[in-house]
Amino acid sequence: MTRQTIDSASGWRHLNKVRWLTLVLVFALLIILPFFHVYQTYVAAHAYDLLAPGERKLYDIIETLTAPFVDDPSRDLDVIKGNTWSGRLFGVKMSDPLAVAGQMAAGRNVYNPFLLTALFPVVATLIFGRFFCGWLCPANLLYELNTNLRILLGRFGVRTGRRCLDPKLKYIVLGVGLLICGISGSVLVAAVYPPAILGRELYYAVAQRGMGVGALFFVATVLFDLLVARRGFCRYLCPGGALYSLLGRFRVLRIQRNVVTCNDCTKCNSVCEFGLNPLRDDFGQECNNCTACIAVCPVDALGFRWRITDTPNQGPGHESPRYRRDHKDKRQVFGNANSKA
Amino acid sequence: MTAMAPATSTAVQARTKRNGQRYLRPPGALPESEFVSRCIHCGQCGEVCPNRCINYFGFENGLTSLDTPYITPREKACILCMKCGEVCPSGAIQPVRRTIPAITEGVRMGRAQVDKQLCLSYQGKTCGVCYRACPLPDLALRVGMLEQPEVLDACVGCGLCERSCIQMPQAIRIIPAHTQTGEVL
């Protein structure tokens, strides 16, 4: 009767659907772009008559799909190229900040044009935090599906790993990774960073000689998530996630709980992929703004706020039975005040 | 000293084994060690290559070369389209304009070498296929009497001559830049 709505946050809950759409789109692009590349090589060769039947089929399919949109397939299809590690979008080169950090460590120098390619991702991370992990990372799509698999397996009584490690472990992985880059003189962090691996291996699978060792590493991370810790790789080991977490520590846009409408149902905590504690306002730098908690909240108590820090320890939600019991008198006053007005 | 000898020889062996595969880096690539430190293993050079001549290393060339691009000229040679340097985000492959002066200046993949024992033209059977395949004819490769090829200083090592050589094994092959300088080996 006295529910106060500070603002109508209900629109935010649909963001999670948008996020899934983005994840699927990015993953689909990683598969489609190598096919476009293969098609472009056929176009460049002007050798349609020499193509094998399977190749000719691919040529025809892609030509039919893209012909309405492009005049010159050998150039127009270049508008989106690359992968989630480094790529081009309408002529703008963008790279993962970890690629730049790794290159700086390996080469012990700064190459300014390359530094600039990380500018947009870094600025976006400063604003939106670790959003790359939740919204764009192609590995995240598979990891989240892996979480669903874990739930499914749980229904059949299969036990999965639920260990908790220290989230700070990934900062050590980041530091050691960069150190190894510096010692070896090669950007080896790219070999243990899932978005880089997936982008590369999918390209190898389509346009090169098939998947390489990176695919095995990725399978190992999926098994790690399944058998050792829920979303363990992203939470405890991912060097790129660590860098994004550090950059997004003082992110401007963050999820916040509206303590007045919260009823302490704990759904947000159980849905959080990263094992954070939205229920007690503990998001921290790990939160990747994935909006899963917002989508699951039955009373729309979670939403985005433009703030540099979390609002810590707001206490139990005012709609929770516990709070009602403890604050009976205050609520009475509160209700009266409202009814008067 | 005698105790050191086997260790040294195995080290040399390991190095030789590591470089047993003759490969070229894409056109415009920096010198080998600098290239390896710059390359971020993103795969865009291969993705843009219209000739699909760029492959990627697994572990066969050592850990530091993992997922770095290479070209095996006998399988598929570089056509010097210079697109890979254009897309390379980290400058491991430097952008080079697609003009003859810019290419002869900026591209240093290797240098062709003719094996006169194998070359048909030197064995009295006029051939000249390598000369016809060369993208820089008379600058990088010249033919004399009986189409006998002679490599000139402007050769950038694209490998089209090696790719086209009709002899088996090939009579002309690219000596990669990184093995010429003695930097790696």
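# Notebook: a predicted two-chain model

**Chain B, overall.** I began with chain B and found 8 helices and 6 strands. Before going on, a reminder to myself that this is a predicted model. Reading along the sequence of chain B, I noted the order α-α-α-β-β-α-α-β-α-β-β-α-β-α. Of its 185 residues, 45% are buried. I also looked at how contacts are spread along the chain: among those in chain B with a separation of 6 or more, 67% join residues 24 or more positions apart.

**Confidence.** I looked up the scores next. The model has an ipTM of 0.83 and a pTM of 0.86. For chain B the average pLDDT is 85, and 86% of the residues reach at least 70. Where does pLDDT stay under 50 in chain B? I found that stretch at residues 1-17, where the model has 1 contact beyond four places in sequence. Where pLDDT is low, the predicted coordinates should not be read in detail, so I left that part alone.

**Chain A, overall.** Then I turned to chain A, which holds 17 helices and 5 strands. Its C-alpha trace spans about 85 × 50 × 50 Å along the principal axes. Buried residues account for 39% of the 341 in chain A. Of the chain A contacts with a separation of 6 or more, 73% are between residues 24 or more positions apart.

**Where the chains meet.** How many residues does each chain bring to the contact? I got 35 residues from chain A and 27 residues from chain B. On the chain A side, the elements that each supply at least two residues are α1 (15-45), β1 (80-82), β2 (86-89), β3 (92-95), α4 (97-107), α5 (112-117) and α10 (194-207). Sorting that side by class, I found 15 nonpolar, 16 polar and 4 charged residues.

**A helix pair in chain A.** Since α10 of chain A turned up in the list of elements touching chain B, I followed it to its neighbour. α10(A) packs with α11 of chain A (residues 213-227) at an angle of about 135 degrees, and the two axes are 9 Å apart. Because of that angle, α10(A) is oblique to α11(A). The crossing of α10(A) past α11(A) is left-handed. From α10(A) the contact uses A:P194, A:I197, A:L198, A:R200 and A:E201, and from α11(A) it uses A:G214, A:A215, A:F217, A:F218 and A:T221. By class, I entered 6 nonpolar, 2 polar and 2 charged residues for the contact between α10(A) and α11(A).

How values were computed:
Residues are numbered from 1 along each chain as its sequence is written. Chains are lettered from A and ligands numbered from 1 in the order in which they are written. This is a predicted model: local features need pLDDT of at least 70, side-chain atom pairs count only at pLDDT 80 or more; totals for chains, interfaces and linings use all residues. Two residues are in contact if their C-beta atoms, placed from the backbone, lie within 7 Å. Helices (H or I, at least four residues) and strands (E, at least two) are DSSP runs, numbered from the N terminus. Ala, Val, Leu, Ile, Met, Phe, Trp, Tyr, Cys and Pro count as nonpolar, Asp, Glu, Lys and Arg as charged, and the others, Gly among them, as polar. A residue is buried if 20 or more other C-beta atoms lie within 10 Å of its own, exposed if 12 or fewer, and partly exposed in between; C-beta atoms are placed from the backbone. Axes are lines fitted to C-alpha atoms, for helices over the stretch in contact, and angles run from 0 to 180 degrees between N-to-C directions. Angles under 35 degrees count as roughly parallel, over 145 as roughly antiparallel, 65 to 115 as roughly perpendicular and the rest as oblique. A crossing is left-handed if the near helix is turned anticlockwise from the far one by less than a right angle, and right-handed if clockwise. pLDDT is the predictor's confidence in each residue, from 0 to 100.
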